[in-house]
Amino acid sequence: MLAYSLRRLLVAIPTILLLIVACFFLMHVAPGGPFTSERALPPQVLANIEARYGLDQPLWKQLWDYLYNIVVHFDFGPSFKFKDRDVNDIIAQGFPISLTYGSLSFLLATAVGVSLGIAAAIKHNSWIDYIAVGLGIAAQALPNFIMGPILILTFTLWLGWLPGGGWNGGQWQYLIMPVIALATSYMGSIARITRSSMLEVLNSNFIRTARAKGLPTRTVIWRHALKPTLLPVVSYLGPVFVYVLTGSVFVDIYFSTGGLGQAYVGSALSRDYAVLLGVTILYGALTVVVNLLTDLAYAWFDPKIRY
Amino acid sequence: MNKIIRTSLAGLLSSTIITGAAIAAGTHPETGEALADDQTFTYRILDEHSSVDPQVVEDVTGAEIVRDLFEGLMNQDEDGNLVPGAATGFTVNDSKDVYTFTLRDEAKWSNGDPVTAGDFVYAWKRAVNPELSSPYAWFMELMSIENAASIIAGEKPVDELGVKAIDDKTLEVRLSAPLPYFPQMTTHSTTFPAPQKVIEEFGDSWTKPENIVSNGAYVLTEHLPQERSVRERNEMYWDNDNTIIDKVVALVINDENVALTRYMAGELDRTEIPAGQYPRLNQEHPEEALSFPRLCNYYYTFNVSDSGPEAFKDPNVRQALSLAVDRAIITEKVKAGGEPQAFTFVPEATAGFAVPAVEMASMSQAERDELAKELLAEAGYGPDNPLSFEMVYNTDEAHKKIAVAVSQMWKQKLGVQVELANMEWKVFLEERGNQNFDLARGAWCGDYNEASTFLDLLQSDSGYNDGKYNNTRVDELLAEAKTSNDPAPLYTEVERIIAQETPVIPIYHYAGVYMMDSDVGNWPVNNVEQNWYSKNLYKLAE
Amino acid sequence: MLGKSQKAAHLAEEITDYTVIQGRSLWQDARMRFVRNKAAMASIFILGLIVLFTIIGPFFAVWNNEEIDWNVMGDVRGMGMPSVESGHFFGVDDLGRDLYSRVIQATTTSLLVGLIGAATALIVGTCYGIAAGYIGGRTDSAMMRFVDILLAIPATLIIILLLVVAGRSFFMLFIALGAVGWLTMARIVRGQTLTLKNREFIEAARAAGVSEFTIMYRHILPNLLGVVIVYASLLVPEMILTESFISFLGLGISEPYTSLGRLIAEGAGTMAYGTLWQLLFPLTFYVAIIITMFFIGDGLRDALDPKDR
C-alpha cells in the first residue's frame with residue numbers, strides 16, 4: 001500500500017509536467033493574447049510589454065523559463081491582468097477562501113446526501129424515499145444561477161438577515177449562502193447515487209445471506225452493506241472534491257467571495273497565462289492527490305481490491 | 001493577511017477620531033445642508049481593477065481609484081472644466097509648445113514629504129520607460145511630449161523626455177507640436193505623480209496598502225482582491241479640511257442583478273441599472289434613478305476591407321442598413337436608460353462639438369425605411385437575391401438584445417438574412433482585429449473630452465479602425481485638426497463624409513444610468529467623462 | 001444507450017417477439033420488468049408528451065421564436081405576461097419575443113443536447129473505464145493518468161479551442177459536451193470494474209475459459225449498468241446546463257435559437273423584476289425532464305439488475 005502510494009506520487013511528477021506542457025501550448029494556440037485589447041496597442045508599446053514579460057521569446061524558451069522559476073524560486077510568474085499582484089499572491093489569497101467554503105459545502109453535501117440516500121434505500125418506496133427523491137430533484141432543479149439570486153433575494157433583501165456578499169475573513173454570516181448554494185448542487189446527485197448503490201447492494205447475495213442468517217437489519221446495513229454502497233459514491237465524490245476545493249465560479253460571482261474559482265475562469269477568458277497555468281497546476285496536483293486517495297479508499301471499502 | 005487588516009483597521013480608527021473633530025459642525029460649509037455622521041461612500045464595481053499604479057492602470061475602475069489616491073497637475077470640476085490640482089496653474093509660450101506649471105507649496109505626500117516637480121518628472125519618464133512598459137505609454141505620445149515616441153521605441157534614452165523640473169515647484173513641459181487640448185490631458189491618471197523613494201524601496205509591491213504613499217485626498221487602506229478595496233482620508237492632503245467623505249469602499253460585484261438587489265438592501269450607495277430596468281426603477285424610486293449623457297458611442301462597423309463581403313463595398317447598401325435601424329426602439333425600449341439616439345459618430349455631449357445637420361436625423365423612421373428599400377433595390381438586392389451576412393458581438397446580455405432587435409428590423413423591413421454570432425471577448429477582439437467578420441459591434445469611450453478621441457478611430461491607420469475604412473480626405477482633415485485653432489468645422493466636415501459613406505452604423509450614445517442613494521450629494525452628472533472625485537462628494541443626513 | 005431504451009419501451013407496447021436489441025433473454029426480461037414499473041412507464045409517457053408538444057406545439061403558435069412583438073417590447077412587465085388573447089401563451093421574453101415558441105424550440109434543443117451528450121459520455125466513459133479497470137496494471141495507470149490530465153485542463157480552454165479549430169456548429173456542441181462529460185464516468189466505471197473483477201463469478205468464468213472480451217461484455221458490463229445508468233440520468237440535466245456555458249463562450253447555439261439552460265439563466269437574472277414567468281415556464285419543462293429522467297433511470301436500473309430475477 002505504502003509502496004503503491006509512493007509509486008503513484010512519483011508518477012504524479014511526469015503527469016503534472018505533461019499537464020503543464022499541454023496546458024501551455026493549448027493556451028498559446030487559443031486566439032487572442034493577454035494584451036489583445038479593444039483598441040490595438042501601438043506596435044512599439046506592445047513590443048515593450050511583451051519584452052518585459054518574456055513573451056517575445058520562442059515558446060520552448062518561455063516554457064523552460066517558467067518551469068525553471070517554479071523549481072528554483074517557487075515563483076509562478078506575474079499576472080498580466082492584475083499588475084499589482086503575481087500568481088503566488090493570487091493563489092495565496094484565493095485558495096484559502098475557496099478551501100473554506102468548498103470543504104464546508106462538501107461536508108454538508110456529503111453528510112446530507114449520503115444520509116438521504118441510505119434512508120431512501122432502506123425504506124424503499126416509503127414516504128422517506130419519496131421525500132429524499134423529492135429533495136434530490138429539487139436540489140438538481142435549482143442550479144447555482146437560480147440558487148444564488150434566490151438566496152440573496154430572500155436572506156438579504158426580504159429578511160435582511162445576511163450580508164449579500166463579500167468574505168470578511170470568513171465570518172459565518174458571509175459563509176452561509178455560499179456554502180448552501182454550492183452544497184445543493186451536489187447534494188441531489190450524491191443522494192441519488194447513494195440510494196441506487198445501496199439498493200443494488202441490498203439485493204446482492206451476501207446481504208441476503210446475512211439477512212437469512214437472521215442478523216438484525218441495522219447490523220446488516222452498518223456492518224455489511226455500507227462499505228460496498230459507498231464505493232461508487234466515492235468515485236463520484238473524488239472529482240467533486242477537487243472541484244469544490246478550487247472554488248466555484250458561480251459562488252464567486254454571485255457572492256463576491258474572492259475565491260479561486262473566478263480567478264481561474266477569469267484568467268482563461270482574459271488569457272492571463274501565468275495565472276491560468278498556476279491554478280491549473282494547483283488543480284492538477286489536487287486531482288492527483290485526491291484520485292490517489294479515492295483509489296486507496298477503494299481498497300478500504302473493498303478488501304478484495306489490491307494494488 | 002489578517003495582520004494587515006488589523007493594522008489598517010487601527011489606522012482607520014485613529015483617523016476617524018481626528019477627522020470627526022475636523023467637521024464637528026455637521027453641515028456642509030457651502031450649501032449648509034445637514035451632513036450624515038457616517039461619511040462612507042460605497043459603490044459597486046463590475047470587476048477587479050487592474051492596478052492602482054498611476055502609470056500602469058488601464059481600466060476605468062482602476063482610474064477612478066487612482067484619481068482619489070493621486071492628484072495630477074490639473075483636476076476637473078463637476079462640469080468637466082479644468083481646475084487647479086497639484087498645480088495652481090500654468091503658462092504657455094507664444095508658439096504654444098512649452099507649458100510651465102507652478103506646483104502648490106502646501107501639497108504633500110501621505111508620508112509628509114512635499115510634492116515636487118521632480119515627482120512629476122519621475123512619473124512621466126516612468127510612463128514612457130520601455131522597462132516599465134506601461135500599456136498607456138501611447139497616451140504620452142498622444143500628448144505630443146517631446147521625444148516620447150522615440151523613447152517608447154527605444155531609440156532615445158528616457159532622460160531625453162521633454163519634461164524638466166526648473167525648481168522644486170516649477171515644471172516645464174516641451175511639446176513636439178502645439179496641441180490645443182494638452183492641459184485637459186493632464187487630468188488623466190497616466191500623468192499623475194509617483195513617489196520615487198517608495199517605488200525604489202518596494203519595487204512592484206509598492207501599491208500594496210501597507211506600502212503605498214500617495215498625494216491625493218485618500219490613501220489606500222485595504223485591498224481584498226475580487227472583493228473590495230477601501231480608501232480613506234489622507235490627513236496630509238493639502239485640501240483635507242474641505243474634504244467631507246471619510247471613507248470610500250469599492251465592492252466587486254460581477255452580476256448586475258445581484259448588485260441591484262444589494263443596493264436595494266441598502267448595502268451600496270451606487271450601482272448601475274441593468275438594461276431596460278430604468279423606466280420601472282425611475283417610477284418606483286424617482287429620487288434615486290439617475291440618467292445623464294456620457295462620452296461614449298455604440299455602433300456597428302462594416303468590414304470594408306478585402307476580406308469583407310462584396311455587398312458592403314457599395315455605400316448604398318451600407319446606407320440602407322443604417323437607415324433601417326430604428327434607433328428610437330433601441331434607446332427607448334431595449335436600453336431604455338435615457339440614451340440619446342446616434343446619427344453621428346461623435347456624441348453630442350462632446351465639448352466644442354456642434355452636431356452637424358445629418359439628413360437622416362431629420363427624416364421620420366417611415367421615410368428612412370422607404371429610402372432604405374429603394375437604396376437596397378438599387379444595389380441589386382431584393383426578394384429573389386436577398387442580402388445575407390453575419391453580425392458578430394461579444395457575449396453580453398445588452399449586446400445580445402441590441403443585435404437581436406437590429407437583425408429583426410433588417411429582416412422584417414428589408415428581407416435581409418442576418419446570422420447572429422456571439423463570441424467570447426478575446427476571440428471577438430482577435431476576429432474583429434483581423435477583419436474576420438462582416439459586421440461587428442464596436443463602442444468607444446473618449447479618453448479626453450474632444451471630438452478627435454472618437455474621429456481618430458476612423459483614420460485609416462488607427463489601431464481601432466477594424467473595418468479598415470480608408471478615406472484620404474478624412475485623414476487629411478483629421479491631421480489638420482490636430483494643430484488647428486478652430487477644429488470644429490473640420491470635425492463637422494468629417495462627420496458629413498461619414499454620414500454619406502456610412503462606414504459605421506452609429507446606434508446610440510451612452511448614458512450613465514445609475515441607482516444613486518438620495519443622500520449622496522454633488523454627484524457630477526454634468527461631467528460627461530464621469531471623472532469623479534470622492535473629495536467633492538458628501539453624504540447628507542437622512 | 002438511453003435513446004435505445006426509450007425505443008425499447010415504445011416497442012414494448014407492441015409486444016413483438018423479435019426486438020431491435022438482439023432478442024437475448026436477459027434484455028427481454030429487463031424489458032418485461034421495466035414495463036411493469038409504473039413510475040418509469042408514467043415518466044416515459046410524460047416524456048412522450050413533452051416530445052409530442054415540441055412537435056405539434058408549433059402549429060398552435062401565433063408568433064414564431066424570433067419575431068419581436070414591437071408593441072410589447074419596452075413594457076414586458078406590463079404587457080408581456082402570459083395571455084391567450086395576445087397569442088403569447090407563455091408570455092414574452094425580455095425583448096418581446098414569444099416565450100411559447102421559444103420554450104418549444106429550447107426544449108427540443110435541450111432534449112437533444114441532454115440525451116445525445118449524456119449518451120456520448122456514457123458510451124465513451126463506460127468502454128474506457130471497463131478497459132482500464134479490467135486490464136489493470138500499467139495500462140490502467142496510464143489510462144487513468146491520462147484522464148487525470150484531461151480533468152485538470154480547464155474546460156474553458158478546450159471549448160475555446162474547439163470553437164476556433166472547427167467553427168461554430170451544432171455538431172461541435174456535442175463534441176464539446178462529450179469531451180468534458182466522459183471523464184467522471186470513466187472513473188466511476190473503472191472503480192466498479194475493479195471490485196467486480198475479483199468476484200467469484202468472474203473467476204469462475206475465467207476458469208471456464210471464457211474469453212476476456214466476453215467476460216467484460218457479458219459479465220462485467222451488465223453488473224455495472226445500474227450505477228452507470230443512474231449516473232447517466234444525472235448527466236442529462238448537467239449536460240443541459242453545461243450547454244448554456246458553452247454557448248456563452250460562443251460555441252454551439254446562437255441567437256435567435258436558444259436552449260432551456262439559457263432561458264432559465266435569463267429568467268433567473270430578472271426574477272426580481274416582476275417577470276417571473278420568464279423563469280417559471282422554462283424551469284417547468286426542465287424540472288419535468290429531470291423528474292422523468294430520474295424515474296426512467298431508476299426503472300432501467302431495476303430492470304437491468306442481473307441479480308434481480
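**Exercise 1. Is A:Leu26 buried, partly exposed or exposed, and how many other C-beta atoms lie within 10 Å?**

Before we start, note that this is a predicted model, in which local features need pLDDT of at least 70, side-chain atom pairs count only at pLDDT 80 or more, and totals for chains, interfaces and linings use all residues. Residues are numbered from 1 along each chain as its sequence is written, while chains are lettered from A and ligands numbered from 1 in the order in which they are written.

*Solution.*
- Step 1: recall the cut-offs. Buried needs 20 or more other C-beta atoms within 10 Å of the residue's own, exposed needs 12 or fewer, and partly exposed is in between, with C-beta atoms placed from the backbone.
- Step 2: apply them. A:Leu26 has 17 other C-beta atoms within 10 Å, so it is partly exposed.
- Step 3: place the residue. A:Leu26 belongs to helix H1 (residues 2–29) of chain A; helices (H or I, at least four residues) and strands (E, at least two) are DSSP runs numbered from the N terminus.
- Step 4: list its contacts. Leaving aside residues up to four places away in sequence, A:Leu26 touches C:Ile153, C:Leu157 and C:Leu161, where contact means C-beta atoms, placed from the backbone, within 7 Å.
- Step 5: add a distance. A:Asp56 is 30 residues from A:Leu26 along the chain, and their C-alpha atoms are separated by 18 Å.

**Exercise 2. Describe how H9(A) and H12(A) are arranged and which classes of residue their contact holds.**

*Solution.*
- Step 1: take the geometry. The axes of helix H9 (residues 217–245) and helix H12 (residues 273–301) of chain A come within 9 Å and cross at roughly 170°. Axes here are lines fitted to C-alpha atoms, for helices over the stretch in contact, and angles run from 0 to 180 degrees between N-to-C directions.
- Step 2: name the arrangement. H9(A) is therefore roughly antiparallel to H12(A); the scheme calls angles under 35 degrees roughly parallel, over 145 roughly antiparallel, 65 to 115 roughly perpendicular and the rest oblique.
- Step 3: look at the residues. Those from H9(A) include A:Leu231, A:Val234 and A:Phe241, and those from H12(A) include A:Leu286, A:Val290 and A:Tyr298.
- Step 4: sort them. The contact holds 13 nonpolar, 5 polar and 1 charged residues. Ala, Val, Leu, Ile, Met, Phe, Trp, Tyr, Cys and Pro count as nonpolar, Asp, Glu, Lys and Arg as charged, and the others, Gly among them, as polar.

**Exercise 3. Repeat the analysis across chains for H6(A) and H11(C).**

*Solution.*
- Step 1: the axes of helix H6 (residues 144–158) of chain A and helix H11 (residues 260–269) of chain C come within 9 Å, crossing at roughly 10°.
- Step 2: these two helices are therefore roughly parallel to each other.
- Step 3: A:Phe145, A:Ile146 and A:Pro149 meet C:Ile264, C:Ala265 and C:Ala268. By class, that is 6 nonpolar, no polar and no charged residues.
- Step 4: widen the view. The contact of chains C and A takes 42 residues from chain C and 49 residues from chain A. Elements giving two or more residues to chain C's side include H11 and helix H12 (277–304) of chain C. This side has 27 nonpolar, 8 polar and 7 charged residues.
- Step 5: turn to chain B. Here 40 residues come from chain A and 41 residues from chain B. H6 of chain A is one of the elements that supply at least two residues of chain A's side, which divides into 17 nonpolar, 14 polar and 9 charged.

**Exercise 4. Lay out the sheet of chain B and the surroundings of S7(B).**

*Solution.*
- Step 1: 4 strands form an open, antiparallel sheet in the order S4-S5-S7-S6; strands pair if DSSP finds at least two bridges between them.
- Step 2: S4 (87–92) and S6 are at the edges with a single partner strand each, so one side of each lacks a neighbour in the sheet. The twist averages 25° from one strand to the next.
- Step 3: count the bridges. Strand S5 (residues 98–103) is joined to S7(B) by 5 bridges, and strand S6 (residues 163–167) by 4 bridges. A hairpin of 2 residues links S6(B) to S7(B).
- Step 4: follow B:Glu172. It stands opposite B:Thr100 and also opposite B:Lys164.
- Step 5: separate the faces. In S7 (residues 170–174), B:Leu171 and B:Val173 make the covered face, while B:Thr170, B:Glu172 and B:Arg174 make the uncovered one.

Methods
Two residues are in contact if their C-beta atoms, placed from the backbone, lie within 7 Å.
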